Amino acid sequence: MTGIYFDNNATTRVDPVVVEAMLPYFTEQFGNPSSMHSFGNKVGLAIKKARMQVQELLGAEHDSEIIFTSCGTESDSTAILSALKAQPERKEIITTTVEHPAILTLCAYLEKEGYKVHYLKVDGKGRLDLDEYRRRLTDQVAVVSAMWANNETGTFFPVVEMAELANAAGAMFHTDAVQAVGKVPLNLKDTKIDMLSVSGHKLHAPKGIGVLYLKRGTRFRPLLRGGHQERGRRAGTENTTSIVGLGKAAEMAMEAMAYENTEVKRLRDKLEAGILAKVPRSFVTGNPDDRLPNTSNIAFEFIEGEAILLLLNKFGIAASSGSACTSGSLEPSHVMRAMGIPYTAAHGTVRFSLSRYSTEAEVDRVIAVVPEIIAQLRKLSPYWDGDGPKEEAFAPTYA
Ligand SMILES: Cc1ncc(COP(=O)(O)O)c(C=O)c1O
Ligand code: FES
């Protein structure tokens, strides 16, 4: 594929070194790790190695804290449902209004099942009010789930501090760290985080492999019951090839961590500054001072994000508006709405998400193309007149 891929929060390409590491496990090393013969043993050892590679990336205390799952969504569901089943006397959940659908859709279902869910609000920069959190954290709360970094804006939540508070209140703490893992250093052994979700395809491993980190001593109830795989915590024959791939990807992410936080961040900052300087009535959403190094979500007022994406696509540039999951609907993203971004801007948000493969030339190209596209679309916008918005563009229609 040629083209400029700035949609790495949706998914990443599998690193060729990862593919290379996986290949033997399709053919020569095809054994079932549960088998007692050498075919199985060799694969068992490869899984052990991958578990240690992931342990290292997460800064976990022990490799037994790593449970391989089929995706980030499975890890999220397993964590929340386990926490509820393990503490049947507690009937409340705390989460946030800006979580991924993997959490929000599950919570909506749990509400129907009789649980009370508290959705913490965010401010205009996507930040939580920790006082509101403290107020809701009673002895009725079984589990708190807050994401490490938001998939649309990259904004961080103070999950380490939130986990301490949850722990003091006797609630379990889960974080969906799907967007953070591999991009920012984690050191779980020094935190009170009980459970954490990882998705392989966001860090240059294949799709369809995930991890649930489960701190030692955390009460657990499996989602899938059956064989004794993953110490009885996730039955089903292991996805051996993808596990090996995720292990390799974890090792590579450790090596690339410094680069991600210097060079990738520099390119992201250059992209953002370049676009903002050339496009009037555009702004960064989320918290620019505390977010992932690769993500820039920019609102272009008075035009449609989908139209921007279509034109970008004509220039071979891939980005996203909202998240891939929510783009099927005509509503502006729930994250933009939660931050109170006006309707006229929320519809025109575009997320650029870079990776360690992104280059300076690509950034320069996008900086050159975006202002042209925006100018072209604004000519067609009923809310735009020459150099600026029309008066009626400010009618108070909020998302
Ligand atoms: C924050 C967040 N959580 C969960 C997921 C779901 O992960 P998966 O696609 O592996 O199920 C994603 C991916 O879109 C995500 O961005
Ligand atoms: S599952 Fe969220 S972007 Fe795909």
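## Strands, helices and a ligand

Biologist: Which residue stands opposite Val144?

Modeller: Phe173, in E6. This is a predicted model, where local features need pLDDT of at least 70 and side-chain atom pairs pLDDT 80 or more, while totals for chains, interfaces and linings use all residues. Residues are numbered from 1 along each chain as its sequence is written, and chains are lettered from A and ligands numbered from 1 in the order in which they are written.

Biologist: What makes E5 and E6 a pair?

Modeller: Pairing takes at least two DSSP bridges. E5 (residues 141-145) and E6 (residues 172-176) have three and run parallel, so they count as paired. Strands are DSSP E runs of at least two residues and helices are H or I runs of at least four, numbered from the N terminus.

Biologist: Why are E2 and E4 said to stand at the edges?

Modeller: The open sheet runs E2-E8-E7-E6-E5-E3-E4, with mixed pairing. E2 (66-69) and E4 (116-120) each have a single partner strand, so one side of each lacks a neighbour in the sheet.

Biologist: How do you know that H7 falls short of a straight helix?

Modeller: The expected span is 1.5 Å times one less than the number of residues. For the 39 residues of H7 (240-278) that gives 57 Å, but the end C-alpha atoms are only 49 Å apart. H7 also bends by about 50° at Ala256, the angle between axes fitted to the seven residues ending there and the seven starting there.

Biologist: Which residues come nearest to ligand 1?

Modeller: Cys71, Gly72, Thr73, Asn151 and Ser199, of 13 around the ligand; being near means a C-beta atom, placed from the backbone, within 6 Å.
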